[in-house]
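Visitor: I would like to go through this structure with you step by step, one question at a time. Could you take me through the reasoning behind each answer as well as the answer?

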Amino acid sequence: MVKKLTPEDFWRKIDRKSEAECWPWLGPTHAGYGRLEYRGKKYFAHRLAYILTRGVLPENLVIDHLCSNKRCCNPAHFDWVSDRLNIARGTTSKKWGKRRFRNVRLGEESCRWRVVLRSGKVAVNGGTFDHEEVAAMQADVLAARLFPGFRAFNAPEMG
Ligand SMILES: [Zn+2]
C-alpha cells in the first residue's frame, strides 16, 4: 500500500528558497519538467505547485517559466500564456546562458537579467532586472555614460 502523499511531502521534494530564486524540483523529471504521481494522478511538479498554492489552474493556458528553468516550482516565476504564445516565446533565445541582447544575460541562480558591460579589461556590473528588455535599455544607458565610443548597443539608434 503506497502512502498517500500530502502537500508537505510534495513541498519536501522542492528546494524552496527566497521568492526571487528558482525552486528546483528534486525528484524525477520528464522532458526536463518535474513529474510525479500525486493521489492517483500524474502531474508536472510546477503545475501541482501552482494548484497547491493558488487553488486551481486556469483552463486552456499553460505555464510559461519566466526563468526558463523547467524544474523551477516557484509560482512567482510563472506566467500564464496560451499554448501558441508559449511556443513563440520558446523560440526566442531566452534560455540559460543565451542572450537576445548585448551585455544582458540571465543570471544562473537568481532568474533575473543581469547587465554586465565589458570594455577592454574593465567589467562593470550594471545590476539585475526582472525584464530582459529593461535590462537591455539599462545596458545601453550605462554603456553610453561609462564608455565613450562603446559600440555594442541594443537600440539601433544608439549604435
Ligand atoms: Zn525560477
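Visitor: How many residues does helix 4 have, and what length does it reach from its first C-alpha to its last?
Guide: In this predicted model, helix 4 covers residues 132-146, which gives 15 residues. At 1.5 Å a residue a span of 21 Å is expected, and the helix comes close to that, its C-alpha atoms reaching from first to last over 21 Å.

Visitor: Which strands are included in what covers the buried residues of helix 4?
Guide: The buried residues of this helix are Ala135, Ala136, Gln138, Ala139, Asp140 and Ala143. Helix 4 lies across three strands, running at about 25 degrees to strand 7. The cover over its buried residues includes strand 6 (104-106), strand 7 (113-119) and strand 8 (122-129).

Visitor: Why is one side of strand 6 and of strand 8 left without a neighbour in the sheet?
Guide: The three strands form an open sheet with antiparallel pairing, in the order 6-7-8. Strand 6 and strand 8 each have one side without a neighbour in the sheet because they stand at its edges, each with a single partner strand. From one strand to the next, the twist averages 30 degrees.

Visitor: Which residue of strand 8 is the bridge partner of Trp113?
Guide: Strand 7 and strand 8 pair in the antiparallel sense, and their pairing extends over seven bridges. Within strand 8, the bridge partner of Trp113 is Phe129.

Visitor: Which element gives the largest share of the largest nonpolar core?
Guide: That core has 15 residues, and those touching the most other members are Ile14, Trp23, Ala45, Ala49, Cys72 and Cys73. The largest share of the core, four residues, comes from helix 2. Apart from it lies another core, of 10 residues, with Phe101, Ala135, Ala139 and Ala143 among them. In soluble globular proteins, nonpolar side chains tend to be buried together. For the largest core, then, the element asked for is helix 2.

Visitor: Is His46 buried or exposed?
Guide: His46 lies in helix 2, where Ala45, Leu48, Ala49 and Tyr50 are among the buried residues. Not counting residues up to four places away in sequence, His46 touches Tyr33, Gly34, Ile63, Cys72, Cys73 and Phe78. Because His46 has 24 other C-beta atoms within 10 Å, it counts as buried.

Visitor: How far apart in space are His46 and Tyr33, C-alpha to C-alpha?
Guide: Tyr33 is one of the residues that His46 touches. The two are 13 residues apart in sequence, while their C-alpha to C-alpha distance in space is 7.7 Å.

Visitor: Which residues does Cys72 touch, leaving out those up to four places away in sequence?
Guide: Cys72 is among the residues of the largest nonpolar core that touch the most other members. With residues up to four places away in sequence left out, Cys72 touches Cys22, Trp23, Pro24, His46, His65, Cys67 and His77.

Visitor: Arg39 and Ser68 both interest me for their backbone; is Ser68 buried or exposed?
Guide: Arg39 has a positive phi of about 50 degrees although it is not a glycine, and it lies in the loop between strand 2 (33-38) and strand 3 (41-44). Arg39 is exposed, with 10 other C-beta atoms within 10 Å. Ser68, also not a glycine, has a positive phi of about 60 degrees and is found in the loop between strand 4 and strand 5 (78-81). Because Ser68 has 20 C-beta neighbours inside 10 Å, it counts as buried.

Visitor: How is Leu61 classed by its C-beta neighbours?
Guide: Leu61 has its place in the loop between helix 2 (45-54) and strand 4 (62-65). Leu61 and Asp79 are 18 residues apart in sequence and 9.6 Å apart in space, C-alpha to C-alpha. Because Leu61 has 14 C-beta neighbours inside 10 Å, it counts as partly exposed.

Visitor: In which helix is the confidence lowest?
Guide: The chain averages a pLDDT of 78, and 78% of the residues score at least 70. Over residues 91-98 pLDDT stays under 50. Where pLDDT is low, the predicted coordinates should not be read in detail. Confidence is highest in helix 1 (residues 7-12), at 95, and lowest, at a mean of 56, in helix 3 (residues 83-90).

Notes:
Residues numbered from 1 in each chain as written. Predicted model: local features only at pLDDT ≥ 70, side-chain atom pairs only at ≥ 80, totals over all residues. Helix = DSSP H or I, 4+ residues; strand = E, 2+ residues; numbered from the N terminus. Expected span 1.5 Å × (residues − 1). Buried ≥ 20, exposed ≤ 12 C-beta atoms within 10 Å, placed from the backbone. Contact = placed C-beta atoms within 7 Å. Pairing = 2+ DSSP bridges. Axes fitted to C-alpha atoms, helices over the stretch in contact; angles between N-to-C directions. Core = buried A, V, L, I, M, F, W, Y, C linked by C-beta atoms within 7 Å. pLDDT = per-residue confidence, 0-100.
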